[in-house]
Amino acid sequence: MEDKKTCLYDRHISLNAKMVPFGGFVMPLQYSDIADEHIAVRTTCGVFDVSHMGEVLVTGPEAERFVQHIFTNDIAEAPVGKIYYGMMLHEKGGTVDDLLVYKEADDRFFLVINAANIDKDYAWIVEQSKGFNVITENQSEYYGQLAVQGPQSERVVEEVLGLPCAELVFYTFKKLEVAGETVIISRTGYTGEDGFEIYGSHKFIVAQWDKLIESGRVKPCGLGCRDTLRFEVGLPLYGDELSDEISPIEAGLGIFVKLDKAEFIGKEACAKQKAEGVTRKLVGIELEGRAIPRHGYEVVVADEVVGTVTTGYNSISTGKSVCMALVKIEYAKLGTPVQIRIHRKLQPGVVVKKKFYEKSYKK
C-alpha cells in the first residue's frame, strides 16, 4: 500500500525536504541539517508538520466512563480544557498506544493517537466501546496539525498567526473560531521546550504553515530532530520505548498509570507488576567514547546480554553518546557499568538517568 501524504506534502517538496516513510505516511526527515533544526527548537522556534497523527472523537452520555475504561490516567475530576497523557493497554499490561486525551465537555473527549497505530487503535477502541452508550469517530482524515516549538513559540503563534495562546498553561487547550471554522490550539510539546499544537482543516493548516515560513521567524523541522529532541528529555516513542510487549511500568511511566482508579483495561497486570516488581526496566546509558548506540543493539555485562537499546544518539545538546535501553532489573541501578556492542566491539558505558537534558516547559 502506498504511503499517505499530509496536506503539507507539496510544501515539503518545495523546500527540498528529504522525504522518508514513517507510520504509513511519507514525511520530511529534514530540510537542512538535523543538528541545525534541533538547535533552532532549543534556542528560537521551529515548526513541525504532525498532520500524520490520528484523532478520534468520543461523545455520548457515557463518554467519560468509557475513556476511563480504556485509559490509564484518571480523568474523573478533569476540568474542560485539560489534557492528559497516558496509555491504552492490553489485559496483560502491554501497550496498545500512548496518547493524549483532551476534555472538551463531560460527554466529549478528543483522543490524539500515533500515526502508525491509527487503524489498529481505532479498531480496538470500537471493539472496547461495545456496551457503552458512546459514539466513536475517526477524524484523522479531516485534521491537519502543526507543532510550533521552542522558547519563542508563544510570541510567534500570537504575532505571526494572530492566535491568542499566552493564557494557556502546560497541558491545556482551547477551541477558537477562525475564518469560519473551529480550530484547536494546545500547549503540550514533544521536544522538552515550550510549544503549541494547532489542529484544523487541511486548508487552514496549509495557510498557517505558509504564514510561519514566510515570516522568517520559524525554522521548518523534520522527524529527524523531532526524535533527537524528544529523546534527550526522556520522552518515549511508541515502537521503541513502548509497544505491545512493553508495559508503562517497565518503561518508567508508572506515574501515568493510576491504580487507585476503580478500573481500566490492564489494571490488574500493572498492579501485579508494581507489587511484585518488574524483571526489566528502561534506563539511560552514557558511553565513554563517541560510538553511537542504535535501536536493537545489545547491552552486555560480563559477556551476558542483559538488554537492548531502544533509542540512541550522539546528543546534539550535550555532545555525549547516550541511549535509552530496556535492561534486566538487576542492572538498572544508576552507576551500573555496562557495555554496548557496536559493530562487534564492546563499548563501555554507565547507567544514568533517562533525562539527558532538562526540559524547559512553561508550567
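Analyst: Rings of Phe, Tyr and Trp (its six-membered ring) pair if their centres lie within 6.5 Å; planes under 30 degrees apart count as stacked, over 60 as edge-to-face and the rest as tilted. Ring pairs of this kind link Tyr102, Phe110, Tyr142, Tyr143, Phe173 and Tyr199 into a cluster. Please keep in mind that this is a predicted model, where local features need pLDDT of at least 70, side-chain atom pairs count only at pLDDT 80 or more, and totals for chains, interfaces and linings use all residues. Residues are numbered from 1 along each chain as its sequence is written, and side-chain values use heavy atoms, leaving out hydrogens and water.

User: How many aromatic pairs does a search of the whole structure find, and what makes Tyr85 and Phe256 one of them?

Analyst: The search finds 13 aromatic pairs. The centres of Tyr85 and Phe256 are 4.8 Å apart with 85° between the planes, so the pair meets the distance limit and counts as edge-to-face. Tyr85 is in strand S5 (residues 83-89) and Phe256 in the loop between H7 and H8, 171 residues apart; helices (H or I, at least four residues) and strands (E, at least two) are DSSP runs, numbered from the N terminus.

User: Why is the pair of Tyr102 and Phe173 called tilted?

Analyst: Their ring centres are 4.9 Å apart and their planes stand at 55°, which falls between the stacked and edge-to-face limits, so tilted is the right word. Tyr102 lies in strand S6 (residues 95-105) and Phe173 in strand S10 (residues 173-178), so the pair ties together parts 71 residues apart in sequence.

User: How do you know whether Tyr102, Tyr85 and Phe256 are buried or exposed?

Analyst: Buried means under 20% relative accessible area, exposed over 50%, partly exposed in between (1.4 Å probe, protein chains only). Tyr102 has 0%, so Tyr102 is buried, and Tyr85 is buried too at 13%. Phe256 has 25%, so Phe256 counts as partly exposed.

User: And why is Leu253 called buried?

Analyst: Because its relative accessible area is 10%, Leu253 falls under the buried limit. Leu253 touches Tyr85, Met87, Pro236, Leu242 and Pro248, not counting residues up to four places away in sequence; contact means heavy atoms within 4.5 Å.

User: What makes the charged end of Lys5 count as sitting over the ring of Tyr9?

Analyst: A charge sits over a ring if NZ of Lys or CZ of Arg is within 6 Å of the ring centre and within 35 degrees of the ring normal. The charged end of Lys5 is 4.4 Å from the centre of the Tyr9 ring, and the charged end of Lys82 sits over the ring of Tyr84, 5.6 Å from its centre.
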